[in-house]
Amino acid sequence: MTVSLRLILSCAMLAGVLGPAQTAHAAQAPRVTPAIPAAQASAAHAVRAPQGAVAQVVRAPAPPCSAPYRIDRTLPNGARWQLCWEMRTIEGLTLTKVVYTPKGNRPVSVLRSTALAQIHVPYDSGSPRYHDIGALGHTAIPLLAADCPGGERREQSVCVTTRARGHAYLKSGYDEPSTSAQGHDLVVFAAFQVGWYTYLAEWAFSDDGAITPRVGATGSLAGFTTTPGHGWPIGVGSATFEESHSHNVFWRLDFDIQGKSGDVVEQYDFSGSRTAKRKLKRTTLTREAKALNRRTRWWRVVDRGVRNTDGHPVSWELNNSDSSQYRGPAGEAFTRADVYVTDYRSCERLATTNPAPRCAGSVDRYVNGERLTDPVLWVNVGYHHVPRDEDADPMPTHWQGFRITPRDVTAKNPR
Ligand SMILES: [Cu+2]
């Protein structure tokens with residue numbers, strides 16, 4: 001690599017972007033319309049928010065990104081998703097300015113941005129221990145048409161498509177005909193080659209307002225052999241034990257429900273195990289926090305200033321109970337929680353090996369007692385991969401992820 005090329009690349013690394021659509025956090029999208037039905041909004045022109053404030057109805061903003069980086073899709077049930085994508089050098093595929101419009105309702109902005117924040121891969125014998133994300137954008141794989149069924153490829157490496165998701169609902173009636181509908185997802189994904197592994201980074205935007213980020217690991221096993229206590233025999237006989245390992249995937253979600261102001265994170269627990277009753281307990285997180293998964297625990301990001309027509313504040317709920325919950329040694333404190341909530345800082349980009357010198361190096365150290373004014377959620381989902389004979393080339397994709405679901409965005413099923 002020549003000096004000048006290296007300089008250009010390092011500048012790109014600092015800017016953290018390959019595409020042209022990187023935006024400064026200060027360039028906040030206008031606080032758009034409240035989440036109320038279009039008909040009512042046009043009649044009322046405003047809805048009353050709590051504390052006596054009035055959320056103004058304003059015109060929809062101009063598209064925030066140029067055509068190649070803009071995604072705008074109306075799914076068969078009438079739900080519409082609008083967002084921008086960019087291929088950042090550091091995080092790879094990054095989705096910004098995500099707006100959901102339920103059928104017959106006004107748009108609601110959900111996320112300022114979301115991207116992968118790390119894939120930590122510690123092997124069961126104690127080494128090696130990889131941090132696979134640092135320059136993910138450089139590893140994007142050109143996709144073939146067959147890799148993007150029914151969709152369109154953007155700049156060769158990003159697929160935008162629609163996929164069936166099964167029954168949206170099915171209800172049988174006694175006195176009336178039964179009713180049902182098939183649901184669909186807008187799916188945006190890219191593939192990255194990191195060592196022997198191919199990672200599929202995918203976001204599904206459902207026609208019911210849910211968002212499902214997930215990572216699929218495929219390609220090839222890394223080929224590390226070990227003792228029987230740390231691996232599994234693959235191939236003929238029991239001469240070779242392929243080493244087990246974890247894929248600890250971190251996502252960063254910068255929520256901005258109708259703009260960054262007013263977003264609050266709540267944690268919900270339900271006590272009463274081994275009794276007949278369950279009691280709801282709400283904990284509002286006022287300061288940066290680390291949280292652990294529990295089977296019935298969930299969180300939500302709620303904007304109390306934005307209401308649906310029932311008067312309930314609009315929120316998105318996070319469930320994260322599918323993780324294998326890897327907990328590493330003291331030097332890997334970032335593995336000790338499943339969800340981190342931090343106040344927005346532009347230099348806090350990766351969950352480990354963070355490249356910005358003026359910020360801490362890992363997500364556990366971003367949590368330092370700051371009051372939450374503009375919350376960012378970091379979600380850690382682990383998968384323990386014990387190899388098997390079927391993992392011989394090409395390795396079947398194993399998936400891990402989570403889901404965020406609308407809670408009170410609309411007053412009823414927006415079908
Ligand atoms: Cu694996």
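Which residue lies over the face of tryptophan 399? Select tryptophan 399 and look above its ring: arginine 214 is there, at 3.6 Å from the ring centre. The model on screen is predicted, and the stops below go from this pair to the strands, the metal site, the rings and the disulfides.

**Stop 1: strand β12**

Select residues 211–219, which make up strand β12. Of its 9 residues, 8 are buried, and the strand is mostly covered. Now add residues 395–401, strand β23. The two strands run antiparallel and are joined by 5 bridges. To find one of these contacts, pick glycine 219; its bridge partner in β23 is methionine 395.

Next, show β11 beside β12. These strands also run antiparallel, with 9 bridges between them. Pick tyrosine 199 and look across to β12, where alanine 217 is its bridge partner. β11 and β12 form a hairpin with 4 residues between the strands. In that hairpin, select glycine 209, which takes a positive phi near 95°.

**Stop 2: the copper ion**

Select the copper ion and display the residues that coordinate it. Four side chains supply the donor atoms: Tyr197 through OH, His245 through NE2, His247 through NE2 and His385 through ND1. The distances are 2.0 to 2.1 Å. Is the site tetrahedral or irregular? The angles among the 4 donor atoms run from 87 to 140°, and the site is irregular. A tetrahedral site would need all angles to lie between 85 and 135 degrees, so the upper value rules that out.

Along the sequence, the donors follow the spacing Y-x47-H-x1-H-x137-H. Color two of the donors by the strand they belong to: tyrosine 197 is in β11 (residues 197–206), and histidine 385 is in β22 (residues 375–385). The pair therefore ties together parts that are 188 residues apart in sequence. Tyrosine 197 and histidine 385 are both buried.

**Stop 3: aromatic rings**

Stay on tyrosine 197 and add tyrosine 199. Their ring centres are 5.8 Å apart and the planes meet at 20°, so this pair is stacked. Tyrosine 197 has 4% relative accessibility and counts as buried. Tyrosine 199 is buried too, with a relative accessible area of 2%. The structure holds 13 aromatic pairs.

For a group of rings, select Trp81, Tyr100, Phe205 and Trp316, which form one aromatic cluster.

**Stop 4: strand β21**

Where do the side chains of β21 sit, buried or exposed? Select Val339, Val341 and Asp343 on one side, then Tyr340 and Thr342 on the other: all are buried, and both faces of the strand are covered. Because 5 of the 5 residues of β21 are buried, the strand is largely enclosed by the rest of the structure.

Now bring in the strands that pair with β21. Strand β18 (residues 289–291) pairs with β21 in the antiparallel sense over 3 bridges. β22 and β21 are also antiparallel, over 5 bridges. Tyrosine 340 is a useful residue to pick here: lysine 290 has tyrosine 340 as its bridge partner in β21, and in β22 the partner of tyrosine 340 is tryptophan 378.

**Stop 5: the disulfides**

How many disulfides are there? The count comes to 3. With bonded cysteines counted along the chain, the pattern is 1-2, 3-4, 5-6.

- Select cysteine 65 and cysteine 84, joined with an S to S distance of 2.0 Å. The link is left-handed, with -85° about the S-S bond. Cysteine 65 is in the loop between β2 and β3, and cysteine 84 is in strand β4, 19 residues apart. Both cysteine 65 and cysteine 84 are buried.
- Select cysteine 148 and cysteine 159, whose sulfur atoms are 2.0 Å apart. Their link is right-handed, with 80° about the S-S bond. Cysteine 148 lies in the loop between β7 and β8 and cysteine 159 in strand β9, so the pair ties together parts 11 residues apart in sequence. Cysteine 148 and cysteine 159 are buried.
- Select cysteine 347 and cysteine 359, with sulfur atoms 1.8 Å apart. The link is right-handed, at 55° about the S-S bond. Cysteine 347 and cysteine 359 both lie in the loop between β21 and α3. Both of these cysteines are buried.

Conventions: Residues are numbered from 1 along each chain as its sequence is written. This is a predicted model: local features need pLDDT of at least 70, side-chain atom pairs count only at pLDDT 80 or more; totals for chains, interfaces and linings use all residues. Side-chain values use heavy atoms; hydrogens and water are left out. Donors are N, O and S atoms within 2.8 Å of the metal (3.2 Å for Na, K and Ca); water is not among the atoms, so sites may look incomplete. Four donors count as tetrahedral if all angles lie between 85 and 135 degrees; four count as square planar and six as octahedral if opposite donors are over 155 degrees apart and all others between 65 and 115; anything else is irregular. Buried means under 20% relative accessible area, exposed over 50%, partly exposed in between (1.4 Å probe, protein chains only). Rings of Phe, Tyr and Trp (its six-membered ring) pair if their centres lie within 6.5 Å; planes under 30 degrees apart count as stacked, over 60 as edge-to-face and the rest as tilted. A charge sits over a ring if NZ of Lys or CZ of Arg is within 6 Å of the ring centre and within 35 degrees of the ring normal. A disulfide is a pair of cysteine sulfur atoms within 2.5 Å. Two strands pair if DSSP finds at least two bridges between them.
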